Amino acid sequence: MDTLFLEFFQNTGFYLCDYRNIIMIIVGMIFIYLGIAKDYEPLLLVPIGFGMLVGNIPIFKGLGLGIYESNSVLHYLYFGVTQGIYPPLIFLGIGAMTDFSTLLARPVLMLLGAAAQAGIFITFLGALALGFLPKEAAAIGIIGGADGPTAIFLTAKLAPHLIGPIAVAAYSYMALVPVIQPPIMRLLTTRQERLIRMEDPRHVTKREKIIFPVIAFLLCCFLAPAALPLLGLLCFGNLLKEAVVTERLAVTARTALIDIATILLGLTVGASTQGDVFLTQNSVKIFVLGALSFGIATACGLLFAKFMNLFLKKKINPLLGAAGVSAVPDSARVVHVVGQREDPSNFLLMHAMAPNVSGVIGSAIAAGVLWSLMI
């Protein structure tokens, strides 16, 4: 009887568990807490957090249960991450949600989204300096775009062994946009600059909205063909939205389809963070570089907005530069909140959406460029 009990105990997670599993389970619980109690990106942090719990249950190897075992259910679901299937589906949904009117009304704001991508390439050089291989450095750099699906897509292509830490870092910094960005915004702008009011944008016609995703797709993908899977579905989703006659497809793309893709991506990315795989020295470096990348991207957007004001007759509020990172719509909301702290009657949200959505396009192009360079 004692022998049977001992054998049973040796098959339980209590016996097989080590400190790394405990650490990751605690991290998963923190993610769930932040998503539910603090409302920090709950649609992302809750699936990822619970996935961390799933991935760190100690199990015997060879039973077909773990995400890294080729015959397990989790491994089949993880296929959509490693092969870059889920991120384009999410981009399809994002396109079907996005209104490009403010960008079309004042195209010059697109430059702010482009400027913010400088953080990606600066961090790429920093990762190389820390000893990462070129493909690993490219995947780490894309964290600065503050776009989880883009980071996962590029990492799956260049450095699949780093998907766990890069995805967790990217989504963590996306969730912490309201914490990370405001200090940088206040540091790099004066109160007088934060009080600048934006003029009302011009009216954008329906024809312009329909033509834009087609022209944007052709121009961007001729420039960076490797961005085709992301930008193709982003622009297709937006065309479905603006065409009206395809509203049923647009509704599916921005509701059921994007929700399913987000659930599967979040759960499997979380499950991939097994303690023995995730807790390494490289993971710490990735989190540090990711924070620097995100901070540099925010700063580049702010400073470029100040630079543009040297030449513009109608000044733009430099806070809009912080929305150039592609954390849609969180960065735009943060810009609006920071602006209203100085002047409660100054409404910047609509204007901040222009660099915000251009940042989505910019990060996808940057990912395509980096992928092309690494081939």
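In the predicted model, the axes of helices H11 and H21 come within 10 Å and cross at roughly 10°. Since angles under 35 degrees count as roughly parallel, H11 and H21 are therefore roughly parallel to each other. The residues that form the contact of H11 with H21 comprise 8 nonpolar, 2 polar and 1 charged. On the H11 side, the participants are Thr 150, Phe 153, Leu 154, Lys 157 and Leu 158. These meet Ser 363, Ala 364, Ala 367, Leu 370, Trp 371 and Met 374 of H21.

Both helices also take part in enclosing an internal void. The count of cavities of 30 Å³ or more comes to 1, and the largest cavity has a volume of about 40 Å³. Its lining consists of Phe 153, Leu 154, Ala 226, Ala 227, Leu 230, Ala 364, Ala 367, Gly 368 and Trp 371. Helix H11 (148-158) and H21 each supply at least two residues of this lining, and H21 gives the most, with 4 residues. By class, the residues lining the largest cavity divide into 8 nonpolar and 1 polar, with no charged residue. Phe 153, Leu 154, Ala 364, Ala 367 and Trp 371 are named both in the cavity lining and in the contact of H11 with H21.

The largest pocket has a volume of about 900 Å³. It is lined by 33 residues, of which Glu 41, Leu 43, Leu 44, Val 328 and Pro 329 are the closest to its centre. Several helices each supply at least two residues of the pocket lining, namely H4 (42-55), H6 (86-97), H12 (163-175), H17 (247-271), H20 (330-342) and H21. The greatest contribution to this lining is made by H17, with 5 residues. In composition, the lining of the largest pocket has 22 nonpolar, 3 polar and 8 charged residues. H21 thus appears among the helices that supply the lining of the largest pocket and among those that supply the lining of the largest cavity.

Within H21, which spans residues 349-374, lies His 351. The relative accessible area of His 351 is 7%; because buried means under 20%, this residue is classed as buried. Residues up to four places away in sequence being left aside, His 351 touches Leu 109, Met 198, Glu 199, Asp 200, Pro 201 and Leu 320.

Methods: Residues numbered from 1 in each chain as written. Predicted model: local features only at pLDDT ≥ 70, side-chain atom pairs only at ≥ 80, totals over all residues. Heavy atoms only, no water. Buried < 20%, exposed > 50% of the residue type's maximum accessible area, 1.4 Å probe, protein only. Contact = heavy atoms within 4.5 Å. 1 Å grid on protein atoms, 1.4 Å probe; cavity = no way out; pocket = protein on both sides within 12 Å on 5 of 7 lines; lining within 4 Å. Points joined across faces, edges and corners; volume = space filled by probe spheres on them. Nonpolar A, V, L, I, M, F, W, Y, C, P; charged D, E, K, R; others polar. Axes fitted to C-alpha atoms, helices over the stretch in contact; angles between N-to-C directions. Parallel < 35°, antiparallel > 145°, perpendicular 65-115°, else oblique.
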